[in-house]
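Biologist: Please take a close look at one single part for me, namely the charged side chains and how they pair. Bring in the surroundings where they help.

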Amino acid sequence: MATREGIGRACWSVQPLYVVAELVVAAAAVGASAYSLLGDTVSDLGASACTTSLCSPWHPAMNVVFIVFSLVRVVGAVALRPSWRDVATWAWVLSGLSAAAVGLAPVDRMPTAHVLVATPVFVLQPLALMLTARRLAPTHPRVGRAGMVLAVVTALAAVAFLLAASGAPDPGTSLSGALERLALWPVYLWLGHVARSREELPDLPDAHL
């Protein structure tokens, strides 16, 4: 019988596969110009309507990916740290629910709702990453330090992306896709690393998650 800890590890260990899924959907995108991971946003892959410049035929799959991976991440956070008094748990849960809602509100059909549900992700995910990394640091300094560095990187990238998306003057405006992925992808990869570390380092206490 699977334990709560085993379920949590399994949920987080599959998170890096999100990046693979996104790349597969992006490779299927067609249009007058090729989809650019540097310039085009992730939301474009979930858009249900085609434009003269871009069409994402696998948009239903992308929206399902948003929902499934986000909810699985929530389950993992709750399983590994089953305390509702814990700020990190709330940050993971709320950011995960917001990310899942992105899949229910495609940017082309529900632009206002899309922005409202997507924005909290860029605030809460770096916070969740920082708090979790801080707890891991005393017992597993390398994993903790890596998490803290990535928390700073993702937070800065998130701010730059939100400024670019708002139309504010910013040198990274033409690199919106790169900024968005820099704000999001490291989280998926780090969670997978944490899950594997728990298997390699069994002395990692649950209290630190």
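What follows is a walk through the salt bridges and their setting.

Modeller: Ground rules before the chemistry. This is a predicted model, so local features need pLDDT of at least 70 and side-chain atom pairs count only at pLDDT 80 or more, while totals for chains, interfaces and linings use all residues. Numbering starts from 1 along each chain as its sequence is written, and side-chain values use heavy atoms, with hydrogens and water left out.

The frame is quick to describe: seven helices and zero strands, which reads α-α-α-α-α-α-α along the sequence. Helices here are DSSP runs of H or I with at least four residues, strands are runs of E with at least two, and both are numbered from the N terminus. Of the 209 residues, 46% are buried, where buried means under 20% relative accessible area, exposed means over 50%, and partly exposed lies in between (1.4 Å probe, protein chains only). Among contacts (heavy atoms within 4.5 Å) with a separation of 6 or more, 69% join residues 24 or more positions apart.

Now to your charges. Side chains of opposite charge can pair when their charged atoms come close. The cut-off used is a side-chain nitrogen of Lys or Arg within 4 Å of a carboxyl oxygen of Asp or Glu, and a search of the whole structure turns up three such salt bridges.

Take the local pair to begin with. Arg9 and Glu5 meet at 3.0 Å, N to O. They sit four residues apart in helix H1 (residues 4-13), so about one helical turn separates them. Arg9 has 21% relative accessibility, so it counts as partly exposed, and Glu5 is partly exposed too, with 29%.

Next comes Glu22 with Arg181, at 2.7 Å from N to O. This pair links distant parts of the chain: Glu22 is in helix H2, Arg181 in helix H7, and their positions lie 159 residues apart in sequence. Glu22 is buried at 0% relative accessible area, and Arg181 counts as buried at 4%.

That leaves Arg135 and Asp86, whose closest N and O atoms are 2.3 Å apart. Arg135 belongs to helix H5 and Asp86 to the loop between H3 and helix H4 (87-102), so the bridge ties together parts 49 residues apart in sequence. The burial is mixed: Arg135 is partly exposed at 28%, whereas Asp86 is buried at 3%.

Helix H2 is worth a second stop, since Glu22 isn't its sole point of interest here. Four aromatic pairs turn up in the structure; rings of Phe, Tyr and Trp (its six-membered ring) pair if their centres lie within 6.5 Å, with planes under 30 degrees apart counted as stacked, over 60 as edge-to-face and the rest as tilted. One of the pairs is Tyr18 with Phe69, edge-to-face because the ring centres are 6.0 Å apart and the planes stand at 75 degrees. Tyr18 is in helix H2 and Phe69 in helix H3 (residues 59-80), 51 residues apart. Both are buried, and together with Tyr188 they form one aromatic cluster.

H2, which covers residues 17-28, also holds Val24, and at 40% relative accessibility that residue counts as partly exposed. Val24 joins Val14, Leu17, Val20 and Trp58 in a nonpolar surface patch of about 420 Å². Patches take residues with over 30% relative accessible area and no salt bridge, joining like charges within 9 Å and nonpolar side chains (Val, Leu, Ile, Met, Phe, Trp, Tyr) within 5 Å.

Helix H5 (residues 111-136) brings in Leu129, buried with a relative accessible area of 0%. Leaving aside neighbours within four places in sequence, its contacts include Trp92, Leu150, Val187 and Trp190. Its C-alpha atom lies 8.3 Å from that of Trp92, 37 residues away along the chain.

How much should you trust each region? pLDDT is the predictor's confidence in each residue, from 0 to 100. The chain averages 87, and 87% of its residues reach 70 or more. Among the elements, H2 has the highest mean (96) and H7 (residues 176-200), home of Arg181, the lowest (89). Residues 168-173 stay under 50, and residues 199-209 are below 50 as well.

Note on methods:
Areas by Shrake-Rupley, 256 points an atom, 1.4 Å probe, with all protein chains shown as cover.
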